[in-house]
Amino acid sequence: MTESELLASVPDGLLVDGQWRPASDGARVDVLDPATGQVLTSVASASVADGLDALDAADRAFPGWAATPARERAELLRRAFDLLQERREEFALLMTLEMGKPLAEARTEVGYGGEFLRWFSESAAHVQGRYGANPEGTGRMIVTHHPVGPCYLITPWNFPLAMATRKIAPALAAGCTVVIKPAALTPLTTSLFAQLLIDAGLPPGVVNVVTTTAPGPMSEAIIADPRLRKLSFTGSTPVGRLLLAQAADGVLRTSMELGGNAPFLVFADADLDRAVDAAMIAKFRNTGQACTAANRFLVHSSIAAEFTARITERVRSLTMGRGTEPGVTIGPLIDEKAVAATGQLVQDAVERGARLHVGGTASDGPGTFFPATVLGNVPPGSALLREEIFGPVLAIVPFEDEDQAVAMANDTEYGLVSYVFTGSLARGQRMVERLRTGMMGLNVGAVSNPAAPFGGWQSSGLGREGGEEGMHEYLQTKYTLTPDPFA
Ligand code: NAD
């Protein structure tokens with residue numbers, strides 16, 4: 001399929017109650033290719049009224065979907081998984097076009113995103129309660145789980161497919177209906193995926209899609225509506241805080257997958273080959289635009305020079321370009337704002353005394369490119385040690401001993417993921433206990449897995465996605481007491 005055939009096959013409306021339709025006020029939004037700056041296509045941009053229509057549809061569909069046998073819900077997800085495998089290339093190319101990631105990485109995301117469909121298809125029929133005598137022996141306690149109700153899902157632009165399936169799959173498996181709002185920068189993958197769900201047999205109203213250029217007012221109206229029972233958000237911490245405040249009025253269940261500032265610790269006893277390979281993945285996957293991206297490379301002073309030299313050499317071999325081109329390993333950043341923000345972080349560190357080993361300056365257009373960059377000896381106080389970089393900039397800071405490394409790693413308001421490289425089992429175990437983090441890669445540079453509870457501590461969020469925990473985000477618990485049937 002050519003690029004234009006693929007783009008023409010993507011629904012360009014809002015999905016409300018099983019129908020693709022234009023926005024009520026006719027508004028549309030252009031979707032750009034970040035590698036060229038050219039308009040790929042345009043899609044409908046929802047008004048507040050469209051958002052509320054979508055919630056209305058999700059609310060009406062909820063009783064029927066909640067009462068659908070778990071196995072039927074599971075089979076829908078399984079059919080969707082199978083269809084996604086057949087259409088892997090379409091989804092991979094579409095993500096590369098609208099988001100910019102290299103095609104090989106887009107294919108990996110189709111694999112990863114698809115696995116949420118399979119995992120929650122397998123989990124749907126395994127939700128069980130419990131029954132037993134109370135400790136006093138005077139009654140029987142029954143614990144059951146029930147879908148929370150209509151959910152509002154907000155996703156970011158950096159993983160257009162996986163962030164959608166990570167929310168939609170457990171919601172549907174649990175018996176919930178959803179309204180999803182993808183990022184307006186990358187709405188196409190969500191629309192194509194919603195059509196795939198329809199092709200797999202999705203009943204009307206169970207999934208509704210409302211892309212919009214004005215997420216604030218529409219989200220506020222949906223969140224304030226008492227029919228909504230759950231908000232699941234993936235995005236930046238400031239927007240997450242705002243939404244949590246809005247959700248307080250309705251005492252909504254919330255899941256918040258927010259920002260990160262991952263430390264990547266390399267101890268003197270680490271296998272350096274392994275650490276360098278993992279660093280390349282933890283830093284440069286998705287051109288550094290991942291919440292799990294390693295943000296601060298804390299390296300023991302005795303090996304910092306060698307680590308820096310090896311990383312710099314590897315970075316020189318990366319190829320920047322449009323993600324569709326063979327051999328490209330660094331795609332564009334999502335937009336000009338991202339290029340400017342990345343440049344400022346590099347400049348700030350250099351002005352404070354960091355050493356620039358490679359990269360460092362944004363490329364001229366077209367497209368929004370920033371080259372892979374390595375900074376050594378980054379001094380304390382540099383903004384990029386505090387803020388999420390969200391670009392291909394690898395910042396190295398030497399440390400002297402384990403206590404100092406732990407103190408530096410924990411010196412952040414975030415706590416999403418940490419990476420530790422050491423040859424010592426005991427040290428690895430100490431890091432598991434000492435680092436304030438929701439996830440940890442111990443001698444590995446990528447941890448995401450649909451079977452694992454993904455999520456952060458502190459300002460990195462609330463709740464978990466994936467694993468058994470991911471399903472319970474969409475279930476509420478009921479406890480019932482009955483008298484002892486023998487009394
Ligand atoms: P963002 O917060 O700007 O946007 C995320 C989503 O929220 C988008 O759909 C956007 O349209 C919407 N949004 C923005 N303002 C809103 C408002 N006032 N009301 C309602 N919705 C609003 O984040 P981004 O730039 O798209 O994504 C990058 C951020 O996402 C990074 O901080 C990254 O760490 C985080 N992220 C976290 C995870 C995780 O699982 N923890 C995964 C991916 C990305």
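Q: What makes helix 4 largely enclosed by the rest of the structure?
A: In this predicted model, ten of the twelve residues of helix 4 are buried, so the rest of the structure largely encloses this helix. Among the buried ones are Phe-91, Leu-94 and Met-99. The cover over them includes helix 3 (70-86) and helix 5 (103-124).

Q: How do you know that the span of helix 4 agrees with its number of residues?
A: At 1.5 Å a residue, its twelve residues should span 16 Å, and the end C-alpha atoms are 16 Å apart, so the two agree.

Q: Why is Ser-219 called buried?
A: Buried means under 20% relative accessible area. Ser-219 has 3%, so the word fits. This residue of helix 8 touches Tyr-152, Ile-154, Lys-181 and Gln-246, leaving aside residues up to four places away in sequence.

Q: What makes Glu-413 and Arg-241 a salt bridge?
A: The cut-off is 4 Å between a side-chain nitrogen of Lys or Arg and a carboxyl oxygen of Asp or Glu. Here N to O is 3.1 Å, so the pair qualifies. Glu-413 lies in the loop between helix 14 and strand 17, and Arg-241 in helix 9, so the pair ties together parts that are 172 residues apart in sequence.

Q: Why is Arg-427 called buried, and Asp-269 partly exposed?
A: Buried means under 20%, exposed over 50%, and partly exposed in between. Arg-427 has 17%, so it counts as buried; Asp-269 has 31%, so it is partly exposed. The two form a salt bridge, with their closest N and O atoms 3.2 Å apart.

Technical notes: Residues numbered from 1 in each chain as written. Predicted model: local features only at pLDDT ≥ 70, side-chain atom pairs only at ≥ 80, totals over all residues. Heavy atoms only, no water. Helix = DSSP H or I, 4+ residues; strand = E, 2+ residues; numbered from the N terminus. Buried < 20%, exposed > 50% of the residue type's maximum accessible area, 1.4 Å probe, protein only. Contact = heavy atoms within 4.5 Å. Expected span 1.5 Å × (residues − 1).
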